[in-house]
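Subject: Structure handover

Hello,

Here is the structure I said I would pass on. My notes on it come after the coordinates.

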Amino acid sequence: MLSMTATINGWQCSGFHCKQYARMPEISLTSRGFLKVGTLDSKTPTTAGLNSSALTYVGDYGYASRNMNRGGIHVVSPDLSSPSPGFAVGFLEAFDDEYDGVIIDPNKLPSSANAFASALRAALSKWKLKGRKGIWLKILSEQVDLVPIAIKEGFQYHHAEPGYVMLTYWIPDYPCMLPASPSHQIGVGGFVINDKKEVLAVKEKCPCNCSNVWKMPTGYINKSEDIFCGAMREVKEETGVDTSFLKMVAFRHAHMLAFDKSDILFVCMLRPLSYEIAIDEKEIQAAMWMPLDEFVGQPFYEEDHLSRKVIGACVAAYEDRYSGFTAHELTSKLDGQSSLLYYDCSSG
């Protein structure tokens, strides 16, 4: 079961589980400025607070000005509703990261496409001269019209989340050293066994090979959720049974599964705190407390050596023949953050 993956009618099945800052960098335009075609003369209209000597023509996108107070780039768009005071000014802001890169502030992007393109080109030229490396550009969903402009300027897609898309630009002429986009999905399984040697087993609603197999509750962990908490939550959601974490028993690592991503499934041993079952009918056909011998004796597990090995480790942990890994909260001096370390402390 752990070695199988399939996508059928919108269900993704893999393994046991099936589931429907800092300072602002100085950016300026000088007499040697970026994308400079020519400077304005006294006949060129100006906007409030800007004079002709402070403006530089940067091609079809409009005019850019040097902001002496904020250290950024103003871009004056040629898209005017009136001759003089109608200039729309956009402002590009960014800050350095700790790897000689730059993170562009998504909340300060110019709303005008022309302003954005001009500011982006000018900023890239400046960052190249300053020896910057990786540029990170988050574009929010309401700014989606800016994505094609950034792609045209050489940015690459990195990843997307609800609400934004992240783009990157690598400046040096050697291979890109920016971290790749997320490559793994994290799944959890909860092996719950009571004092009667009965296993909490479920049958899932999915048109795949495991649809008629009694199995442990499984699923994917949520963002910022601890592994054992995800296992306890999945058991609760699918069966209504409350549990407590005992130990991590095993994990399986597989590749090229859903969306060509890798998949890690952590199997946790849980102690039941309640026994009444109430299934989630959207995902689960049925759930029951099944005698261990009957659970292990299913033909599917007789034929699937990986799944059988996982269940064997769970049974050994239940019978105190295998220690597994328990969770310990520790703080690292590297980042000052508290996190969970899973390890076998049976030897002290």
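The notes below go from the whole chain to its sheets, one helix, the salt bridges and a surface patch.

Please keep in mind that this is a predicted model, not an experimental one. The chain has 348 residues, and 50% of them count as buried. Its secondary structure consists of six helices and 21 strands. About 18400 Å² is exposed, and carbon and sulfur atoms supply 52% of that area.

Sheet with strands 9 to 13

One open sheet is built from five strands in the order 9-10-11-13-12, with mixed pairing. The edges are taken by strand 9 (94-96) and strand 12 (156-161); each has a single partner strand, so one side of each is left without a neighbour in the sheet. From one strand to the next the twist averages 20 degrees.

Within this sheet, strand 11 (residues 134-140) runs antiparallel to strand 13 (residues 164-170), and seven bridges join the two. Lys138 has Met166 of strand 13 as its bridge partner. Strand 13 also pairs with strand 12, again in the antiparallel sense, over five bridges. Here Gln156 is the bridge partner of Thr168. Strands 12 and 13 form a hairpin with two residues between the strands, and Gly163 in that hairpin has a positive phi near 105 degrees.

Pairings of strand 14 and a contact from strand 17

Strand 14 (residues 184-192) pairs with strand 18 (residues 262-272) in the parallel sense, over nine bridges. Gly189 stands opposite Val267 of strand 18. With strand 16 (residues 218-220), strand 14 pairs in the antiparallel sense over three bridges. In that pairing Gly187 stands opposite Tyr220. As background, strands of a sheet pair through backbone hydrogen bonds, either parallel or antiparallel.

Thr243 belongs to strand 17 (residues 243-254). Its relative accessibility is 7%, so Thr243 counts as buried, the cut-off being under 20%. The C-alpha atoms of Thr243 and Leu270 are 5.9 Å apart, although 27 residues separate the two along the chain.

Helix 3

Helix 3 covers residues 227-239. For its 13 residues at 1.5 Å a residue, a span of 18 Å is expected, and the end C-alpha atoms are 18 Å apart, which agrees. The buried residues in helix 3 are Ile227, Phe228, Gly230, Ala231, Arg233, Glu234, Val235, Glu238 and Thr239. Two of these, Arg233 and Glu234, are linked with Glu225 and Glu237 in a network of salt bridges. After helix 3 comes Gly240, with a positive phi near 80 degrees.

Salt bridges

The count of salt bridges is 13. Three pairs are listed here.

- Arg121 and Glu153: the side chains meet at 2.8 Å, N to O. This pair links distant parts of the chain, 32 residues apart, with Arg121 in helix 1 (residues 113-129) and Glu153 in the loop between helix 2 (147-152) and strand 12. Arg121 is partly exposed at 26% relative accessible area, whereas Glu153 is buried at 16%.
- Glu302 and Arg308: the side chains form a salt bridge at 3.7 Å, N to O. Glu302 is partly exposed at 42% relative accessibility, and Arg308 is partly exposed with a relative accessible area of 35%.
- Arg321 and Glu319: the side chains form a salt bridge at 2.8 Å, N to O. Arg321 counts as exposed at 56% relative accessibility, while Glu319 is partly exposed at 33%.

Nonpolar surface patch

Which residues form the nonpolar patch on the surface? They are Phe325, Leu330, Leu341 and Tyr343, and together they have about 330 Å² of accessible area. Leu330 sits in strand 20 (residues 326-331). With a relative accessible area of 40%, Leu330 is partly exposed, and it passes the requirement of over 30% for residues in a patch.

Regards

Key
Residues numbered from 1 in each chain as written. Predicted model: local features only at pLDDT ≥ 70, side-chain atom pairs only at ≥ 80, totals over all residues. Heavy atoms only, no water. Patch = residues over 30% accessible without salt bridge, like charges linked within 9 Å, V, L, I, M, F, W, Y side chains within 5 Å. Areas by Shrake-Rupley, 256 points an atom, 1.4 Å probe, with all protein chains shown as cover. Salt bridge = Lys/Arg side-chain N within 4 Å of Asp/Glu carboxyl O. Helix = DSSP H or I, 4+ residues; strand = E, 2+ residues; numbered from the N terminus. Buried < 20%, exposed > 50% of the residue type's maximum accessible area, 1.4 Å probe, protein only. Pairing = 2+ DSSP bridges. Axes fitted to C-alpha atoms, helices over the stretch in contact; angles between N-to-C directions. Expected span 1.5 Å × (residues − 1).
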